[in-house]
Amino acid sequence: MLKKYGIGILFTFITIVLVLLIQLLGLFDLANYKMLDFNFQLRGPLSSWASHQENPNDSLDVILIDVDDETYRILSDIGWPYPRGKIWNRVITNLADAGAKVIVFDVQFDSRDAHTAVALTVFDGHLPDNYVDGDMAIANAIEYARTKGTEVVMASTIKNEPSRIPPEILITPNDVIMQANPDHGLVDIDEDKDHFTRRYRVFNVLGHDSDQWLLSLGLKAVKYFLDIPDEPGISYNWEKHEFEYGPIKIPTYGSDYPGFLTNIYGPASHARIGESEPWQTFQRFPLAWIIDTDDFDLPVFEEDTDWMGTFDPNSSLNMMMSMVDPEYQVPESPFRDKICVIGVSVEVMHDYKSTAFFDYLGAPTLMPGFEYHANAIQTLLDQNFVQVWGNTIEFTSDSAAYQIFLIIICAVLAYLIIAFFDPLWGGLLIIIEAIILFDISITMFTTDTWWLFKWISGNAESIQVPPAGHTMFIPIVAPLFVMALTYLTNVLYKFIQEQRDKHFLKDTFGTYISPDLIDQLYEEKREPKLGGEESVHTAYFTDIQSFSSFSEKLTATELVELLNEYLTKMTDVLLSNLGTLDKYEGDAIVAFYGAPVPVPDHEYRACLTALQMQSNLDGLREKWLNEGDRWPEVVHNMRMRIGIASGMMVTGNMGSAQRMNYTMMGDIVNTAARLEESAKQYGVYNHVLKATRDACEDKFEWRDIDIVKVVGKSEAVHAYELISRRGELPSGYEKLLPAYDEALQLFRSRKWDLASEAFKAAEKYEDMFPGRKSNPCLTYISRIEDYKQNPPGDDWDGSHTLTRK
C-alpha cells in the first residue's frame, strides 16, 4: 500500500507546499482580484436608472453632482477652476435650499480662490470693499447651509514632502474657508497591485507614530447623515475585528488595514451600455443644472432657465403653475435628505478609478473618483460590506489558516480521485470538483444557489441580489491551482512510472512477444516473476528441412546472414499474430500462443502464422533465386516444417531470481515437437494436432494425416495437414483430397489391396516439388505392404507407432 500510494502522497505534499509558497509570494493575488471582479459582474448592479424610475422612493442615499462634459461645455467661458464666489457658493446654497442633508466635496480648496488671489496681487493684499472674496463666499454659504440643516464636508488629503520633517503634511481647505468651521475628510484612496480600486480606508494617520485618527471623506459624510455625535467617536473592537462608529459596525479587511472592501453598486453612473441612457447607478446631475436658477444666467443659453426652481414652491415657474392649476403639485426635490457628493468626471481632469464594473457588458468605462466615494458611503449606510473568507484575499496572518485548510482539502480530494481513477475519469472528476468549488464561491457571493443554471441559460440578469451584509468572497484561485497541479504531477508521475514499467516489461518480454501484448501485459498489471501458470495454450515448433546440408554448402558468415534474414521474416509473422517467442534453437523456432497474455483464438492464430510463414518463405526463395549464383540450389529449395499442438501446458518464468526465461513446459509441448519432426515421414509441412484443428476447423482446409503414436508417447494422437485458408485450396487439391479421403477410409477398414490402389491413384495428384521426398500417399502405400506381411491385431484402432523421429 505504501509503495503504491506513497509517491503520490509525497507529490501531493510537495504540490501543497509549492502552492502555499506561491500564495505567500502573492502570485495568486492578481487572479483572485480578477475573480472578485467577475463575482461583482456576475451578480450585476444593485442600482440603475431604470430602478430609479420604477421606485423613486427606494433610490440610494447618495446623489452625484458632476462636473461633467456638459457642465464643462456650458461653463467654458468661465473656465476652470470655477470662481468660488460665483459658482461653488451657489452650489452649496442651492443644494441646501433643495433640502440636501449633507454636501460632500471631492474637490480640493486648499489654495486661495484663483480670482481672489489675482485681486490680492493687483491690490497689494487688500481687496476693495465691494469685491467678493470667493473663499469667504464659500464660508458664508457653509454657514447658510447650516441654518437649513445641511452640513458641508470638505476634502482633505495627506501629502508627502521629502524635504519636510516629518514628511507627511495634512492638506485641508484654506484658512478663510475654515473660518466657517466646516468638517473635512480624507479623500486618499488605495489601489491594489493591478491598479484597480477595491478598498476604502476608514481613517489614516499623520505619520507612523501618530495616534490621531483622521477619518475619511466617506465616514465624515455618514457621520452627518446619521447624526453621529462627536463623542465617543470611532473605536476598534479587537475581538470582532471591526470598527464601531455610532450605529455602524465596519468589518475590517484584515487586522492590518484600517478599512473595508467597497461593495461596488454598479458601473460608473455616466456609462452608456449600447445606445441606452446613462446607467445612473447613482442619480447623477450635471453641476450646471444645480446653479441654474432664476437669478443666474448660464452663459450658453440666450433665454433664462431655472432648473433648480422646478423644486422650489416660490419659484416664478411653480407660482405660475399653481395659479393656472390649483391642484398642481410641486415636484419633490431629488436632493432632499440625501448626501450630495460633488466631484469631477470630465476627462481632462483624469480623476478616474478602475473598478470591478470597468468593462461591464463590454462597455469599458472608468469610474470618477468622487463616485467611488459614493459607493463607499452607500456601503457604510447599508452595512452592505463584502466579507472575505479568511478576512483577506492576500496570504496574511488573518487568512493563513483558512487558505491552508482549503488548499489542503482540495489537494487531498484531487489526489484521492487520481489515486482511485484512471487519468481520463480522474481529470473529469477533478473538473467537477473545480466546478463545485467555483459554484460554492459564487453562491456565497450572490446567495443564489441556482446562479450557474441561470448563467448557462443566458439568463444571468435574473441572478438574485444578496441581502445587505450577506456578500462573502472566497479566494479560490490557489485551491483551483492546487487541484490542477496535483492532477498534473500525479498523472505525470504515473506516466513516467508507466513508461518505466513498460520498458521493464519490454526488457523482459520484448524479445519474444509483440508490443501490443506488452501493452496489454502492462494494462493487466502483470509482473515477471518465477513460477508458472497452467492453462490451455498452443505450442508451435518450426524447423528447416535438411538444414545440415546448408552448412556444407555455405560459409559460416553466409549461414549466419541467411539465418538472420529467414528468422527475422518468420519472427515478424509470429509476433504480428500475438505469438510468444520462446527461443531459437539453431534454425528452429520454438513459440507458443495464449501466454503471458491470454489470446482467446490462439489455435486460429497459430495456424494462420504457419500459412503466413510458408508464404513468406516462398517469397524468400524467389528472392534468393533472383540473386543469381550468390546462393546454392539447396537455398533455392529451402523448406520449413511446422508442428502445432494445443492443450494443457505450464507457462511462466523458469530459472533463478537473477536470471529467468519465459518458457513453456508440458506433455503437449513434446507433442508439438514430435509433430514437427514426424512431418518429414509424411512429406507434409504443416502438421497439426486434432485439438488445434477442431478449434478452427471452419477457417482452414485440412487433410487427415494419421492416428499416430509419436516417439516418446504411448498414446496415439490424431494429426492433420494444414493446407490453406478456407476456400483457397492450391491447384490440384480439389482432386487429391476426395481420392485421398476414400483411400484412407479403405485403409482404416483393413482393405489393404483396395486402399493401396486408391492411394496410388491419389498420389498422381500430389505436388512433388523440389526437395519433397515423400507424401502421405507414398507413406501409406509403403505401410500397407508392411501390414500385409504383419497385419495389426484385432484391437487395432487405425493408429500407427512411429519408430523414429
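1. A residue counts as buried when its relative accessible area is under 20% and as exposed when that value is over 50%. The model discussed here is predicted, and the points below follow a few of its helices, strands and loops.

2. Leu578 has a relative accessible area of 18%, so this residue is buried. Leu578 sits in the loop that runs between helix H19 (556–576) and E20. The phi angle of Leu578 is near 65°, which is a positive value in a residue other than glycine. For context, a negative phi is what most residues other than glycine have, and most peptide bonds are trans.

3. After that loop comes a hairpin made by E20 and E21, with 2 residues between the strands. Gly586, in the turn, has a positive phi of about 65°. Strand E20 (residues 579–585) pairs with E21 in the antiparallel sense, over 6 bridges. One of the bridge pairs joins Gly579 to its partner Tyr593 in E21.

4. Is strand E21 (residues 588–593) enclosed or open to its surroundings? Of its 6 residues, 6 are buried, so the strand is largely enclosed by the rest of the structure. Ala588, Val590 and Phe592 point to one side of E21, while Ile589, Ala591 and Tyr593 point the other way; all of them are buried. Tyr593 thus appears both here, among the buried residues, and as the bridge partner of Gly579.

5. The chain leaves E21 through a loop that leads to helix H20 (602–626), and Pro596 is placed in this loop. The peptide bond from Ala595 to Pro596 is cis, with omega near 5°.

6. H19 and H20 pack against each other. Their axes come within 9 Å and cross at roughly 150°. That angle is over 145°, the cut-off for roughly antiparallel, and therefore H19 is described as roughly antiparallel to H20. The crossing of the two helices is right-handed.

7. Which residues of H19 and H20 meet? From H19 come Leu562, Glu565, Tyr566, Lys569, Met570, Val573 and Leu574. From H20 come Thr609, Gln612, Met613, Asn616, Leu617, Leu620, Lys623 and Trp624. By class, the residues of this contact of H19 with H20 are 9 nonpolar, 3 polar and 3 charged.

8. A second helix pair is H9 (residues 217–225) with H12 (residues 369–382), whose axes are 9 Å apart and whose packing angle is about 45°. The two helices are therefore oblique to each other. H9 passes H12 in a right-handed crossing.

9. On the H9 side, the residues that meet H12 are Leu217, Gly218, Leu219, Ala221, Val222 and Phe225. On the H12 side they are His373, Ile377, Leu380 and Leu381. The residues of the contact of H9 with H12 divide into 8 nonpolar and 2 polar, with no charged residue.

10. The loop between H9 and E9 holds two backbone features to check. Asp227 is in this loop, and its phi is near 55°, a positive value in a residue other than glycine. Is Asp227 buried or exposed? Its relative accessibility is 57%, so Asp227 counts as exposed. Pro232 lies in the loop between H9 and E9 as well, and the peptide bond that joins Glu231 and Pro232 is cis, with omega of about 5°.

11. E9 belongs to an open sheet of 3 strands, in the order E9-E10-E11, with antiparallel pairing. Strand E9 (235–237) and strand E11 (248–251) are the edge strands, and each pairs on one side only. From one strand to the next, the twist averages 30°. E9 and strand E10 (residues 242–245) are paired over 3 bridges in the antiparallel sense. Ser235 has Glu244, in E10, as its bridge partner.

12. The last point concerns Asp68, in the loop between strand E1 (62–67) and helix H4 (69–74). With a relative accessible area of 4%, Asp68 is buried. Leaving aside residues up to four places away in sequence, Asp68 touches Arg284, Pro286, Ser345 and Val346. What is the accessibility class of each aspartate discussed? Asp68 is buried, whereas Asp227 is exposed.

Technical notes
Residues numbered from 1 in each chain as written. Predicted model: local features only at pLDDT ≥ 70, side-chain atom pairs only at ≥ 80, totals over all residues. Heavy atoms only, no water. Axes fitted to C-alpha atoms, helices over the stretch in contact; angles between N-to-C directions. Helix = DSSP H or I, 4+ residues; strand = E, 2+ residues; numbered from the N terminus. Parallel < 35°, antiparallel > 145°, perpendicular 65-115°, else oblique. Left-handed = near helix turned anticlockwise from the far one by under 90°. Contact = heavy atoms within 4.5 Å. Nonpolar A, V, L, I, M, F, W, Y, C, P; charged D, E, K, R; others polar. Pairing = 2+ DSSP bridges. Buried < 20%, exposed > 50% of the residue type's maximum accessible area, 1.4 Å probe, protein only.
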